[in-house]
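Please look at how the two chains of this model meet. The explanation below starts with a pair of helices and then turns to the wider interface.

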Amino acid sequence: MDFLKSMAVAASGLRAQAGRMRVISENIANADSTAQAAGSDPFRRKIATFRTQLDRELDANVVALGPVRTDPSEFVLKHEPGHPAADANGNVKYPNINPLIEMTDLREAQRSYEANINVIGATRRMIQRTLDILKA
Amino acid sequence: MPISDIPIFSMLRTRMQWHQERQQLLSENVANANTPKFVPRDLAQPDFSHAQPVAAMSLARTSSSHLGGIAADATQFDLDRRGQFEVRPTGNGVSLEDEMLKVAANQMDYQAATALYARGLALIKTALGKGG
């Protein structure tokens, strides 16, 4: 039945957005994770990627989480000579994470998640209507 | 004569199939709302101007032992080829608001079709009499 296909496609969207939320929350949680040893790199920001793939069983374009990439941008340098991870000049590398960007990303993921939920709800009501023909 | 051969029922059936396929395309669009380079798709309105109801196609039976199954409907509806409203820098052209509106409209039109279908059935029941 085609409606169940629609629901499966929307469910793939839910899964992908939930995975993206997981990556974003990882970033937010690690916003201050510096390196263990002096001079080494701290936590690097992760970016979730999406890709469209044809589900042969469903014969529909579902969405899947692609490989999680890292953000190559510069780390934030802070001058903290007493920090265990400080280099010779007293600078500590902090992760290249901007909480504002992460929150915006999180909001977008949430909005897309809700959109998928809406599609599932609409599809469910359409199935219900089909069944209602039986009662007529 | 199967009930789906009555013109109004066959048209409503086509309409409902159209809504079903459209719902699938719309859910693909919403699911891929953040996929780079994804171009949303939609169906063009079904064409009922050729009032002739499309006769159900069935396989030719070359032997009397063949089963006369009902052929699966392979109705392929045309895609809507109109350009999209906006394309984001990632090459994604899905506008969630637009898609939500379409999903809601699709759902309401489908409900209208099923309601009409039910009314049609009620009409036939009336014609048959209340089984008195």
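Angles under 35 degrees between helix axes count as roughly parallel. In this predicted model, helix H1 of chain A, residues 2-29, packs with helix H1 of chain B, residues 7-31, at an angle of about 5°. H1(A) and H1(B) are therefore roughly parallel to each other. Their axes are 8 Å apart. On the H1(A) side, the residues that make the contact include Phe3(A), Val9(A) and Ala10(A); on the H1(B) side, they include Gln20(B), Gln24(B) and Val30(B). By type, the residues of this contact divide into 5 nonpolar, 7 polar and 4 charged.

Taking the chains as wholes, 26 residues of chain B are in contact with 30 residues of chain A. Two elements of chain B, H1 and helix H2 (96-128), each give two or more residues to the side that touches chain A. The largest share of that side, 12 residues, comes from H2(B). The residues of chain B's side divide into 14 nonpolar, 10 polar and 2 charged.

H2(B) can be checked for its length. With 33 residues at 1.5 Å a residue, H2(B) should span 48 Å, and its end C-alpha atoms are 48 Å apart, which agrees. Buried residues of H2(B) include Glu99(B), Val103(B), Asn106(B), Tyr110(B) and Tyr117(B). What do the buried residues of H2(B) pack against? Their partners are helix H2 (99-135) of chain A together with H1 of chain B. Just after H2(B), Gly129(B) takes a positive phi of about 90°.

Note on methods:
Residues numbered from 1 in each chain as written. Chains lettered and ligands numbered in written order. Predicted model: local features only at pLDDT ≥ 70, side-chain atom pairs only at ≥ 80, totals over all residues. Axes fitted to C-alpha atoms, helices over the stretch in contact; angles between N-to-C directions. Helix = DSSP H or I, 4+ residues; strand = E, 2+ residues; numbered from the N terminus. Parallel < 35°, antiparallel > 145°, perpendicular 65-115°, else oblique. Contact = placed C-beta atoms within 7 Å. Nonpolar A, V, L, I, M, F, W, Y, C, P; charged D, E, K, R; others polar. Expected span 1.5 Å × (residues − 1). Buried ≥ 20, exposed ≤ 12 C-beta atoms within 10 Å, placed from the backbone.
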